[in-house]
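Biologist: Could you take me through one part of this model up close? I'd like to hear which residues face inward, which face outward, and what packs against them.

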Amino acid sequence: MSSTLDDFLQASSASQPALRSAATTISHLAQAAIALHAAIASGRVPQAPAPVQDHTNASGETQKSLDLYADQLFLEAAQKAPVAWYGSEEQDLPVPVGEGELALAIDPLDGSSNIETNIAVGTIFSLLPVPAEHQSNPAGIYNQPGTAQRA
């Protein structure tokens with residue numbers, strides 16, 4: 001019997017209520033990843049914001065339309081999930097997105113600088129808890145140890 005990602009997430013969070021917010025967020029991120037895959041497979045970037053000439057992201061890489069489209073997709077997914085802060089490689093600063101209990105750290109399209117050479121690309125993310133003292137200021141959220149990630 002095969003199981004979908006959503007089946008797995010629902011079963012896992014049903015038995016472990018502390019995982020519900022992470023499971024919900026991962027489900028929304030997966031939907032964004034499906035839309036991103038469709039854009040990459042088709043070779044077309046729908047409704048992509050035009051990159052600012054010579055603008056670089058937080059890692060110093062030149063942003064492309066596909067980077068910005070991926071960032072837009074995952075930001076929209078975060079807005080539907082219990083996420084309070086969205087920290088993306090494509091944004092200069094973390095973006096407040098809601099009243100959630102999680103912070104999302106993400107590289108929406110890792111490897112995009114090599115996409116013309118047909119090298120694999122992917123999305124890397126981490127879900128971190130938002131301690132009460134950081135609800136209005138994300139400075140400390142993204143400085144937590146990896147062991148604080150929500151599994």
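Modeller: Let's look at helix H1 and its neighbour, helix H2. Keep in mind that this is a predicted model, with an average pLDDT of 85 over the chain and 88% of the residues at 70 or better. Confidence in the chain is lowest in H1, at a mean of 87, while strand S1 (residues 83-88) has the highest, at 95.

H1 covers residues 5-15, and within this helix Leu9, Ser12 and Ser13 are buried. If you look down the axis of H1, those buried residues sit within an arc of 90°, so they line one face of the helix. The general reason is simple: an α-helix has 3.6 residues a turn, so residues three or four places apart point the same way. Flip to the other side of H1 and you find Gln10, Ala14 and Ser15, which are exposed.

So what covers the buried residues of H1? Part of the cover is helix H2, residues 20-42. The two helix axes come within 9 Å and cross at roughly 170°. An angle over 145 degrees counts as roughly antiparallel, and H1 and H2 are therefore roughly antiparallel to each other.

Down at the residue level, H1 brings Leu5, Asp6, Leu9, Ser13 and Ala14 to the contact, and H2 meets them with Arg20, Ala23, Ile26, Ser27 and Ala30. Sorted by type, the residues of this contact are six nonpolar, two polar and two charged. Notice that Leu9 and Ser13 are buried and also take part in the contact with H2, and that Ala14, although exposed, is in that contact as well.

How values were computed
Residues are numbered from 1 along each chain as its sequence is written. This is a predicted model: local features need pLDDT of at least 70, side-chain atom pairs count only at pLDDT 80 or more; totals for chains, interfaces and linings use all residues. Side-chain values use heavy atoms; hydrogens and water are left out. Buried means under 20% relative accessible area, exposed over 50%, partly exposed in between (1.4 Å probe, protein chains only). Helices (H or I, at least four residues) and strands (E, at least two) are DSSP runs, numbered from the N terminus. The arc is that of the directions from the helix axis to the C-beta atoms. Contact means heavy atoms within 4.5 Å. pLDDT is the predictor's confidence in each residue, from 0 to 100. Axes are lines fitted to C-alpha atoms, for helices over the stretch in contact, and angles run from 0 to 180 degrees between N-to-C directions. Angles under 35 degrees count as roughly parallel, over 145 as roughly antiparallel, 65 to 115 as roughly perpendicular and the rest as oblique. Ala, Val, Leu, Ile, Met, Phe, Trp, Tyr, Cys and Pro count as nonpolar, Asp, Glu, Lys and Arg as charged, and the others, Gly among them, as polar.
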